[in-house]
Amino acid sequence: MIATAGVASADITLTGSASMGLTHANDQTVNDVELDFNIVGSGTADNGWTFGAKVGVDNQVNGETGTATGPAEDATAFVSGSFGTLTMGSVDPATDGMGIADAGHQGIGIDDVAELNKAIGSADVNWAYSVNGLSILVGYSSVNEDTSARLSFDVGTVALSLGVANDRNGAADTDTTTAIQASTNVNGVGLTAYYSVFDDDGSNTETDSFGLSASFALDDATTITAVYADNDTAVEAAYGLGASMNLGGGLSLAGGVGSAGDDTKWDLGLNMSF
């Protein structure tokens with residue numbers, strides 16, 4: 001849905017998604033409903049700069065007596081030009097986009113075991129820039145002085161990302177996560193591997209985390225995903241298997257089953273895109 005405003009010929013776009021289904025964890029099965037709508041405004045200045053803003057209207061309910069979250073969140077504004085893209089507001093640390101796939105229609109959390117402390121700290125401004133196949137993303141928190149950065153590039157058929165995030169807890173205490181991610185496709189199977197080291201400055205300890213996900217298409221509509229994850233503090237390695245079927249018109253059926261923390265988890269439901 002697109003509405004065009006008269007001022008500066010800016011566009012206002014409304015996008016949305018929703019999900020409904022069942023989630024099972026800790027020997028309990030509950031319904032899970034999530035709504036996510038975004039109002040996006042964008043325009044172009046006379047000098048060629050593009051600019052815009054976005055606000056999310058979200059709501060999630062887990063179980064009959066569960067909690068509802070929302071409604072408005074994730075407000076951001078951006079400006080983009082030859083200098084890259086500068087975004088301020090409810091942004092994430094630069095390392096947040098790293099990691100592996102999850103199994104399930106909303107995800108049963110297998111990937112969380114590998115992505116432990118992947119996006120520590122906070123950010124309220126991001127700067128993104130791309131040149132000659134090299135992409136840079138930098139995050140900074142003007143409140144906590146947390147910093148993060150991600151460098152992405154291709155080596156042959158492998159897409160690599162290197163990331164670092166710093167969580168400043170005080171003048172003499174800064175936790176750090178250093179991560180690497182590699183993705184490729186082998187004979188139609190998409191593979192992603194992720195490895196990170198979390199350095200807890202306060203306790204002077206390190207935690208290694210590792211994850212691997214693989215996905216392949218059974219046909220034009222059905223995709224299978226397998227996930228494996230582990231870290232130094234986990235009770236045991238986590239693993240899961242999921243499937244998604246595109247029903248057309250923005251509707252898909254998805255589900256997954258797996259084990260994490262000695263707990264059997266599964267979910268099944270419908271995902272909608274508007």
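## Surface patch

A patch here is built from residues with over 30% relative accessible area and no salt bridge; like charges are joined within 9 Å, nonpolar side chains (Val, Leu, Ile, Met, Phe, Trp, Tyr) within 5 Å. A salt bridge puts a side-chain nitrogen of Lys or Arg within 4 Å of a carboxyl oxygen of Asp or Glu. Accessible areas come from the Shrake-Rupley method with a 1.4 Å probe, and for residues only the protein chains shown count as cover.

This is a predicted model: local features need pLDDT of at least 70, side-chain atom pairs count only at pLDDT 80 or more, and totals for chains, interfaces and linings use all residues. Residues are numbered from 1 along each chain as its sequence is written, and side-chain values use heavy atoms, without hydrogens or water.

One nonpolar surface patch joins Leu151, Leu162, Ile180, Tyr195, Phe210, Leu212, Tyr228 and Tyr239. Together they have about 690 Å² of accessible area. Tyr228 sits in strand 15 (residues 222–231); strands (E, at least two residues) and helices (H or I, at least four) are DSSP runs numbered from the N terminus. Tyr228 is partly exposed, at 38% relative accessible area. Buried means under 20%, exposed over 50%, and partly exposed in between (1.4 Å probe, protein chains only).

## Aromatic pairs

Rings of Phe, Tyr and Trp (its six-membered ring) pair if their centres lie within 6.5 Å; planes under 30 degrees apart are stacked, over 60 edge-to-face, the rest tilted. The model has three aromatic pairs by this rule. One of them is Phe37 with Phe274, stacked at 6.0 Å centre to centre and 5° between the planes. This pair links distant parts of the chain, 237 residues apart. Phe37 lies in strand 3 (residues 28–44), Phe274 in the segment after strand 18 (263–273). Phe37 is partly exposed at 29%; Phe274 is exposed at 58%.

Trp127 and Tyr129 have ring centres 5.7 Å apart and planes at 15°, so this pair is stacked too. Trp127 is partly exposed at 33%, and Tyr129 is partly exposed at 27%.

## A buried histidine

His105 is in the loop between strand 7 (84–89) and helix 1 (110–114). His105 is buried, with 5% relative accessibility. Its contacts (heavy atoms within 4.5 Å) include Ser19, Asp32, Ala254, Asp267 and Asn271, not counting residues up to four places away in sequence.

## Positive phi in two loops

Asn132 has a positive phi near 50°. This residue lies in the loop between strand 8 (125–131) and strand 9 (134–140) and is exposed at 80%.

Asn187 has a positive phi of about 50°, although it is not a glycine. Asn187 is in the loop between strand 12 (173–186) and strand 13 (189–200). Its relative accessibility is 80%, which counts as exposed.
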